[in-house]
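Thanks for coming. I have one structure to go through today, so let me put it on the screen.

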Amino acid sequence: MREVTELSITQAVIDRLKDAPDARFKQVMTSLVTHLHDFVRDVRLTEAEWIKAIEFLTAVGQTVTPKRQEFILLSDTLGVSILVITINHPSIDGTAESTVLGPYYWEGAPEFPNGANLAEGVKGEPTFYSGRVLSSDGAPIANALLDVWSGDGEGTYDMQMEGDTGMKARGRIRTDAEGRYWFRSIRPLFYPVPDDGPVGDMLRAMGRHPFRPGHIHMIVSADGHHPVTTHLFAAGSEYLDSDAVFGVKESLIAGYDRHEAGVAPDGTSMDVPYYTCRYDFRLRKA
Ligand code: BEZ
Ligand code: FE
């Protein structure tokens, strides 16, 4: 076909995939072309809008650095990341739900014994976390690994702090023989996703705010089980109903109980009020 019409162009592009060697790639591209063309016809895209879209995607690419992935942020804020996660990690048998990884994961955090303070020298309200890691049948899992990270009590991650601060408010903890874990960190506060780039401009144009509710990140893994990349969201936090990246799941909202200064669960004497947060993770058998 030499000449195309507004409608026949779609099949013409799809026909060019006939020799694509990878069947899955062919399926994905066929669907992508179909939906993309339908979208362009649906909104009657103008040439000015088309060039604006090209400039936007170019700016997104130009914002990417080894420390900043603006394309993932675009995917996060358009709900694509959580959609892919939800399709690929359905919640079965009450096992812990997955949510976005986010840009602040730092591989190789130090391993601490149970009871350690992961947020030594980090500002924020002290919080004692505890719970168990269980298999889907309820059996406790010994030696499960919790890779934990969060911002400080003002919502700032070590990676965003001035200078080379090294790792802060991160660490890995292993469950004991009864599947129990316990550690100290801070109560997480809401904070904005990076909004000084093209994705921030897009959010403003959409009339949206850039905030995420207070949360602490975890990757929980154990032999013979599917690992889960997840968060605990602080009950009562602002923005639980409007997370900029749509990451909130009801089952991941954890209570943070406030206690007056006194003796903490680990026997340390606290001269400021502190919080406790209990959460059990169930992992699906591999
Ligand atoms: C975060 O949880 O830190 C985060 C997640 C997605 C995008 C930006 C930040
Ligand atoms: Fe985060």
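Is L32 buried, partly exposed or exposed? Before I answer, note that this is a predicted model. L32 is partly exposed, because its relative accessible area is 45%, and the cut-offs put partly exposed between 20% and 50%. The residue belongs to helix α2. L36 is also in helix α2, which covers residues 23–43, and L36 is partly exposed too, with a relative accessible area of 45%.

These two leucines are part of a nonpolar patch on the surface, made up of L32, L36, F39, V40 and V43. Together the five have about 410 Å² of accessible area. For a sense of distance, take L32 and W106: they are separated by 74 residues in sequence, and their C-alpha atoms lie 33 Å apart.

Now the chain as a whole. A box of roughly 80 × 40 × 35 Å along the principal axes holds its C-alpha atoms. The secondary structure comes to six helices and 15 strands. Of the 286 residues, 39% are buried.

Next, the sheet. Six strands form an open sheet in the order β1-β4-β3-β8-β9-β10, and the pairing is mixed. The edges are β1 (111–112) and β10 (253–254); each has a single partner strand, so one side of each has no neighbour in the sheet. Further in, β3, residues 145–149, runs antiparallel to β8, and five bridges join the two. Within that pairing, L145 sits opposite S221 of β8.

Strand β8 also takes us to the metal. Which residues coordinate the iron ion, ligand 2? They are Y157 and Y191, each through OH, and H215 and H217, each through NE2, at 1.9 to 2.1 Å. Along the chain, these donors are spaced as Y-x33-Y-x23-H-x1-H. Y191 and H217 link distant parts of the chain: Y191 is in strand β6 (residues 191–192), H217 is in strand β8 (residues 215–221), and 26 residues separate them. Both Y191 and H217 are buried.

Why is the arrangement around the iron ion (ligand 2) irregular? There are six donor atoms, and they subtend angles of 53 to 178°. Six donors count as octahedral if opposite donors are over 155 degrees apart and all others between 65 and 115, so the angle of 53° rules that out.

To recap, we have a partly exposed L32 in a nonpolar surface patch, an open sheet of six strands, and an iron ion with an irregular arrangement of donor atoms. That is the end of my part.

Technical notes
Residues are numbered from 1 along each chain as its sequence is written. Chains are lettered from A and ligands numbered from 1 in the order in which they are written. This is a predicted model: local features need pLDDT of at least 70, side-chain atom pairs count only at pLDDT 80 or more; totals for chains, interfaces and linings use all residues. Side-chain values use heavy atoms; hydrogens and water are left out. Donors are N, O and S atoms within 2.8 Å of the metal (3.2 Å for Na, K and Ca); water is not among the atoms, so sites may look incomplete. Four donors count as tetrahedral if all angles lie between 85 and 135 degrees; four count as square planar and six as octahedral if opposite donors are over 155 degrees apart and all others between 65 and 115; anything else is irregular. Helices (H or I, at least four residues) and strands (E, at least two) are DSSP runs, numbered from the N terminus. Buried means under 20% relative accessible area, exposed over 50%, partly exposed in between (1.4 Å probe, protein chains only). Two strands pair if DSSP finds at least two bridges between them. Patches are made of residues with over 30% relative accessible area and no salt bridge: like charges are joined within 9 Å, nonpolar side chains (Val, Leu, Ile, Met, Phe, Trp, Tyr) within 5 Å. Accessible areas come from the Shrake-Rupley method with a 1.4 Å probe; for residues, only the protein chains shown count as cover. A salt bridge is a side-chain nitrogen of Lys or Arg within 4 Å of a carboxyl oxygen of Asp or Glu.
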